[in-house]
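Visitor: I would like a close look at one part of this model, namely its aromatic side chains, and then at how that part sits within the whole.

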Amino acid sequence: MARVILLPPFAGEFFGGRGEVEVDAGSLFALVRALDAQAPGFAEAVEERAAIAIDGVVAGDWTTALKPDDEVMIVPKVAGG
């Protein structure tokens, strides 16, 4: 299972403050779908307001495959210039 780290505001907004969950998913798309099933609206929020990193590397494609021991971090997008 992939270890998913949820940073604020996503942990509080969708998972009652839990900052870490485990999800069995073969891709980022499947992972986000599984989390959305637990917390409706999560997928839309992630698409609009988050960046996703796998083992510390930002993933730009939701079709990216996941290995069972991957650490996935969901962080708010940062604006800046």
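Which residues form one aromatic cluster?

Guide: The cluster is formed by Phe-14, Phe-15 and Phe-42. Before the details, please note that this is a predicted model, in which local features need pLDDT of at least 70 and side-chain atom pairs count only at pLDDT 80 or more, while totals for chains, interfaces and linings use all residues. Residues are numbered from 1 along each chain as its sequence is written, and side-chain values use heavy atoms, with hydrogens and water left out.

The structure holds two aromatic pairs, where rings of Phe, Tyr and Trp (its six-membered ring) pair if their centres lie within 6.5 Å, and planes under 30 degrees apart count as stacked, over 60 as edge-to-face and the rest as tilted. In one of them, the ring centres of Phe-14 and Phe-42 are 5.5 Å apart and the planes stand at 85°, so this pair is edge-to-face. Phe-14 belongs to helix α1 (residues 10-15) and Phe-42 to helix α3 (residues 42-49), so the pair links distant parts of the chain, 28 residues apart; helices (H or I, at least four residues) and strands (E, at least two) are DSSP runs, numbered from the N terminus. Phe-14 and Phe-42 are both buried, a term for under 20% relative accessible area, with exposed meaning over 50% and partly exposed in between (1.4 Å probe, protein chains only).

The rings of Phe-15 and Phe-42 have their centres 5.4 Å apart and their planes at 80°, so this pair is edge-to-face as well. Here too distant parts of the chain are linked, with Phe-15 in helix α1 and Phe-42 in helix α3, 27 residues apart. Phe-15 is buried, as is Phe-42.

Helices α1 and α3 are also joined through charged side chains. Glu-13 forms a salt bridge with Arg-49, with the closest N and O atoms 2.6 Å apart, a salt bridge being a side-chain nitrogen of Lys or Arg within 4 Å of a carboxyl oxygen of Asp or Glu. Because Glu-13 lies in helix α1 and Arg-49 in helix α3, the pair ties together parts that are 36 residues apart in sequence. In contrast to the buried rings of the cluster, Glu-13 is partly exposed, with a relative accessible area of 44%, and Arg-49, at 32%, is likewise partly exposed.

By this rule the count comes to four salt bridges, and others lie outside the two helices just described. Glu-71 and Arg-3 meet through their side chains at 2.7 Å, N to O, and they link distant parts of the chain, Glu-71 in strand β5 (residues 71-76) and Arg-3 in strand β1, 68 residues apart. Glu-71 counts as partly exposed at 27% relative accessibility, and so does Arg-3 at 34%. Arg-3, Glu-20 and Glu-71 are linked in a network of salt bridges. Lys-67 forms a salt bridge with Asp-70, the closest N and O atoms being 3.3 Å apart, and Asp-70 is buried, with a relative accessible area of 2%.

Glu-20 leads on to the strands, since β2 (residues 20-23) has an uncovered face with Glu-20 and Glu-22 and a covered one with Val-21 and Val-23. Strand β1 (residues 2-6) runs antiparallel to β2, and four bridges join them, where two strands pair if DSSP finds at least two bridges between them. Val-4 stands opposite Val-21 of β2.

For the setting of the cluster, the protein chain has three helices and five strands, which run β-α-β-α-α-β-β-β from the N terminus on. Its radius of gyration is 12 Å, close to the 12 Å that the globule rule gives for 81 residues, so the chain is as compact as a globular protein of that length; the radius is taken over C-alpha atoms, and the rule is 2.2 Å times the number of residues to the power 0.38. Buried residues make up 36% of the 81 residues. Of the contacts (heavy atoms within 4.5 Å) with a separation of 6 or more, 56% come from residues 24 or more positions apart.
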